[in-house]
Amino acid sequence: MSDTLAITLRGVVKRYGSNTVLRGIDLDIRHGEVTCLIGPSGSGKSTLLRCMAFLEEHDAGLIRVAGDPLGFDAARNRLPQTEIARVRRNIGMVFQQFNLWPHMTALGNVAEGLRQVLRLPKRQAQERAMAHLTRVGLADRASYYPSQLSGGQQQRVAIARALAMDPKIVLFDEPTSSLDPELTGEVLNVMRSLADDGMTMVVVTHEIGFAAHVAQHLVFLDEGQVALEGRAGDVFAQPWHPRLRQFLETYLDRGASVLLG
Amino acid sequence: MSDFSALREAMPEIVDGLWLTLAMWLAASALGLVLGLAIALARRFGPVWVDRPLWAVVGVIRGTPFLVQIFLLYYGGPFIGLELDPTPAGLGGLALYGAAYFSEILRGGLLAIPPGHVEAGMCIGLSRLQIVRRIMLPEMTLLVLPASVNMFVVLLKETAVLSIITVPELTMAVTGFGSANFAFSQAALVLAIVYWTLTELTGGLGRLLERRLDRFKLA
Ligand SMILES: Nc1ncnc2c1ncn2[C@@H]1O[C@H](COP(=O)(O)OP(=O)(O)OP(=O)(O)O)[C@@H](O)[C@H]1O
Ligand SMILES: [Mg+2]
């Protein structure tokens with residue numbers, strides 16, 4: 001059953017001290033689909049995404065990636081570090097703050113995992129890294145350092161870095177939120193072309209337009225729970241859920257009026 | 001000036017003193033840096049029972065004058081069976097002093113690395129050791145460069161304190177000449193000029209290096 005699913009979450013709970021941030025999340029991420037996570041600030045979107053990469057350790061529940069338990073098995077035994085690393089290898093992560101390594105060139109950033117983790121010979125790693133930079137339209141910036149790149153370019157390098165490891169699923173946490181408005185387009189375009197190629201993607205975003213046009217699966221998170229989920233078209237066509245409606249209405253001011261009838 | 005013959009006579013000693021100052025400075029800096037890095041890493045990644053005692057030792061060294069430390073080491077050492085000649089005692093003391101400060105500088109550098117840079121490494125599949133070696137240490141180096149150059153300068157100036165336990169370094173040699181020839185203020189002036197020249201050179205070198213490394217700066 002779960003091998004047809006990219007990621008499954010069952011009863012996932014996450015607390016920070018006495019603050020319960022995720023209150024029992026059940027969610028299926030299907031292969032080849034773009035899933036968008038939307039919701040008000042503080043609803044737990046980032047936390048949920050970070051749990052899927054085991055950057056945060058969930059306090060209860062079970063997460064499976066490509067069928068294998070992530071971090072803890074069903075009996076809540078912590079899995080060995082090598083097993084965590086192996087399961088995590090299915091996942092690529094793109095951060096809001098890019099998080100490129102400033103002392104490496106664009107090419108160096110993308111090639112790092114190929115060299116250090118996959119142990120490819122230098123030339124082969126650089127060729128593959130170059131191919132990924134080309135894919136995000138940055139072949140001519142290969143020898144630039146992050147400080148010499150615009151935000152949009154940095155984020156595209158970060159996407160290339162994630163893709164270079166050949167993940168089955170790529171997670172994006174508000175990939176355009178720290179970009180100037182005129183730079184969001186180039187990043188969204190790369191993501192759209194990835195989606196067209198059938199990449200499985202989970203995207204936390206405030207770009208309602210992107211969610212409406214690219215996502216197949218939409219998840220509305222509210223106060224640490226999945227308040228509503230479904231096919232993106234259906235959810236947007238009929239935002240009957242009062243909290244979702246309220247949430248979307250805040251976007252009317254920002255020019256996303258096309259979405260609401 | 002009749003002092004010239006006296007100066008010529010004292011010159012070899014003064015030159016030796018200069019060399020010893022440079023040698024003590026560079027050796028103590030290198031030792032202090034290596035030991036400081038070890039302390040910083042142990043405190044950052046080690047268990048509490050490693051962190052606590054190191055915190056205490058570093059605090060004591062940073063909270064007392066170097067002059068007092070060197071007295072303790074040189075004159076107090078024999079009471080615990082640690083009998084050292086002036087030069088090794090001076091080198092050890094200066095290296096420990098440097099290590100305490102360097103450990104704080106480097107620890108601050110490690111803590112200033114954006115956590116996301118480490119997380120990006122984890123997501124790529126780098127091991128803990130690879131993350132430290134490939135990401136944290138290089139980024140730390142960039143972050144601590146200005147403070148480290150400053151510490152090198154401090155260590156150079158503190159070598160003068162070693163004259164108090166009769167290490168025949170520059171200050172010892174020049175003040176010796178000065179008191180033998182009743183030329184204290186001239187001797188002090190010469191010392192000031194030499195130390196200031198050396199610290200300016202160090203600072204200039206540091207700024208040059210910083211400019212060279214500018215493109216690695218975080219955006
Ligand atoms: N490391 C942490 N320690 C303590 N509390 C945290 C931590 N990270 C998140 N939280 C809390 O968890 C809740 C959910 O945070 P999260 O970042 O997941 O929200 P979000 O939906 O991503 O919000 P935003 O849209 O603002 O990014 C918030 O109340 C936040 O204060
Ligand atoms: Mg968030």
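Mentor: Before we start, a residue is called buried here when its relative accessible area is under 20%. The model is predicted.

Trainee: Fine. Which residues of α1(A) are buried?

Mentor: Lys45(A), Thr47(A), Leu48(A), Leu49(A), Arg50(A), Cys51(A) and Met52(A) are. The helix runs over residues 45-52 of chain A, and 7 of its 8 residues are buried, so "mostly covered" is a fair description by that under 20% cut-off.

Trainee: What follows α1(A)?

Mentor: Phe54(A) does, with a positive phi near 55°.

Trainee: Why remark on the sign of phi?

Mentor: Because most residues other than glycine have a negative phi.

Trainee: What is phi at Arg76(A)?

Mentor: Arg76(A) is not a glycine, yet its phi is positive, about 65°. You will find Arg76(A) in the loop between β5 (68-69) and α2 (81-88) of chain A. Its relative accessibility is 34%, so Arg76(A) counts as partly exposed.

Trainee: Back up to the whole of chain A. How many helices and strands?

Mentor: Chain A has 9 helices and 10 strands.

Trainee: What does its radius of gyration say?

Mentor: The value for chain A is 18 Å, and a compact globule of 261 residues would be near 18 Å, so the two agree. The C-alpha trace of chain A spans about 55 × 50 × 35 Å along its principal axes. Buried residues account for 56% of the 261 in chain A.

Trainee: And contacts that are distant in sequence?

Mentor: Take the contacts in chain A between residues at least 6 apart in sequence: 62% of them join residues at least 24 apart.

Trainee: What about surface and charge on chain A?

Mentor: Chain A exposes about 10,900 Å², with 46% of that supplied by carbon and sulfur atoms. There are 28 positive and 28 negative side chains in chain A, and the centres of the two sets lie 6 Å apart.

Trainee: Now chain B. What's the pattern along the sequence?

Mentor: Chain B reads α-α-α-α-α-α-α-α. That is 8 helices and 0 strands.

Trainee: What does its C-alpha trace span?

Mentor: About 75 × 45 × 25 Å along the principal axes of chain B. Of its 219 residues, 41% count as buried.

Trainee: Same two items for chain B, surface and charge?

Mentor: Chain B exposes about 11,900 Å², and carbon and sulfur atoms supply 70% of it. Its 15 positive and 15 negative charges have mean positions 15 Å apart. As for contacts between residues at least 6 apart in sequence, 78% of those in chain B join residues at least 24 apart.

Trainee: How many residues does each chain put into the contact?

Mentor: Chain B gives 22 residues and chain A gives 24 residues. Together they bury about 2,100 Å² between them, with 62% of it on carbon and sulfur atoms.

Trainee: Which three residues supply more of chain B's buried area than any other three?

Mentor: Cys123(B), Ile124(B) and Arg134(B), which supply 30% of the area that chain B buries against chain A.

Trainee: Switching to the inside of chain B. Where is Ile14(B)?

Mentor: Ile14(B) is in helix α1 of chain B, residues 3-45. With 12% relative accessibility, Ile14(B) is counted as buried.

Trainee: What is Ile14(B) in contact with, beyond neighbours within four places?

Mentor: Leu7(B), Leu170(B), Ala173(B), Val174(B) and Phe177(B).

Trainee: How far is Ile14(B) from Trp196(B)?

Mentor: Their C-alpha atoms are separated by 17 Å, while the two residues are 182 apart along the chain.

Trainee: Thr202(B): buried or exposed?

Mentor: Thr202(B) is buried, at 14% relative accessible area. Thr202(B) belongs to helix α8 of chain B. Outside its neighbours within four places in sequence, Thr202(B) is in contact with Trp25(B), Val149(B), Phe152(B) and Val153(B).

Trainee: Which loop holds Phe182(B)?

Mentor: The one between α7 (170-180) and α8 (184-212) of chain B. Phi of Phe182(B) is positive, near 50°, in a residue other than glycine.

Trainee: Is that one covered or open, by the numbers?

Mentor: Phe182(B) is exposed, with a relative accessible area of 73%.

Notes. Residues numbered from 1 in each chain as written. Chains lettered and ligands numbered in written order. Predicted model: local features only at pLDDT ≥ 70, side-chain atom pairs only at ≥ 80, totals over all residues. Heavy atoms only, no water. Helix = DSSP H or I, 4+ residues; strand = E, 2+ residues; numbered from the N terminus. Rg over C-alpha atoms; globule rule 2.2 N^0.38 Å. Buried < 20%, exposed > 50% of the residue type's maximum accessible area, 1.4 Å probe, protein only. Contact = heavy atoms within 4.5 Å. Areas by Shrake-Rupley, 256 points an atom, 1.4 Å probe, with all protein chains shown as cover. Lys, Arg positive; Asp, Glu negative; His and termini not counted. Charge placed at Lys NZ, Arg CZ, Asp CG, Glu CD. Buried area = accessible area lost by both parts, 1.4 Å probe.
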